[in-house]
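I am opening this notebook to record what I look up in the structure below. The entries follow the order in which I went through them.

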Amino acid sequence: MQQLSARDVAPVPWRNGGGLTRELLAWPSPQDWRCRLSVADIASDGPFSAFPGVERHFVVLEGDGVRLHFADRQVEQRLGDAPLVFDGVAAPGCSLLGGPVRDLNLMCRGGHGALQPVDGEWRPPRDGIAGLFTRMAGTWRAGAETRALPAQTLLMVTPGDHATEATPWTFEPDTPTALPGWWFCQEITQEDSDT
């Protein structure tokens, strides 16, 4: 299993220069990824970067939220809302609903992913990328194994690492909250895992 905190990752500018991002996961490589997880800071209004051929999952981590302007609709996203899934080629415009916002992005190329709020037990899929991103500090458990995780930390397994696949995962925040974090996964085909 691999663990990485957002605070340990240096921010880099967005592809279009409109914000900063911390890349926590780029599998199998940063240059040719199939699955990417990142934390982004949005300080001002402006468009998202375009990612053709990518399925994007978006949730607000901190701040008042955003309004995303698509060609055919507008969508407001706030902390606690269900993840917004959209085609990365859309590159919506983004307006802040208040001050700066921090968000979590799961991007999947060549397959579908899932990002869901932590609530009870969860089993990582047998094949693929899977893990936990914490919003709050707490304790992860899988059977007898435990880990204390800081806020905004990624814990994950990649293809071939699934020693705990038969054991349900749980996450208990140190301070009770309705949204301690998110489970995420992307199923990886055998063809993908061989690249």
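Which residue in β17 stands opposite Gly 138? I looked this up and found Pro 173 there; I note for all that follows that I am working with a predicted model.

**Entry: strands around β14.** I then followed β14, which covers residues 138-142 and is joined by five bridges to β15, residues 145-149, the two running antiparallel. On that side, Gly 138 stands opposite Leu 149 of β15. With β17, residues 169-173, I again find β14 running antiparallel and joined by five bridges, so I have noted Gly 138 twice, with Leu 149 in β15 and with Pro 173 in β17, under the rule that two strands pair if there are at least two bridges between them. I also looked at the connection between β14 and β15, which form a hairpin with two residues between them. In that turn I recorded Gly 143, whose phi is positive, at about 65°.

**Entry: the open sheet.** Next I traced an open sheet of four strands, and I wrote down its order as β5-β10-β7-β8, with antiparallel pairing. At its edges I find β5 (46-47) and β8 (74-77), each of which pairs on one side only. I looked more carefully at the contact of β8 with β7, residues 66-69, where four bridges join the two antiparallel strands. Within this pairing, I noted that Arg 67 has Glu 76 of β8 as its bridge partner.

**Entry: Gly 80.** Past β8, I stopped at Gly 80, which is found in the loop that leads from β8 to β9 (84-87). Is Gly 80 buried or exposed? Its relative accessibility is 53%, and because the cut-off for exposed is over 50%, I count Gly 80 as exposed. I also checked its separation from Leu 61, which lies 19 residues away along the chain, and the C-alpha atoms of the two are 8.5 Å apart.

**Entry: the largest pocket.** Last, I turned to the largest pocket, for which I have a volume of about 290 Å³. How many residues line the largest pocket? I find 18, and those lying nearest its centre are Arg 15, Thr 21, Arg 36, Phe 51 and Met 107. The elements that give two or more residues to this lining are β2 (12-13), β3 (20-27), β4 (35-42) and β11 (101-109). Sorting the lining by class, I recorded nine nonpolar, four polar and five charged residues.

Definitions and conventions. Residues numbered from 1 in each chain as written. Predicted model: local features only at pLDDT ≥ 70, side-chain atom pairs only at ≥ 80, totals over all residues. Heavy atoms only, no water. 1 Å grid on protein atoms, 1.4 Å probe; cavity = no way out; pocket = protein on both sides within 12 Å on 5 of 7 lines; lining within 4 Å. Points joined across faces, edges and corners; volume = space filled by probe spheres on them. Nonpolar A, V, L, I, M, F, W, Y, C, P; charged D, E, K, R; others polar. Buried < 20%, exposed > 50% of the residue type's maximum accessible area, 1.4 Å probe, protein only.
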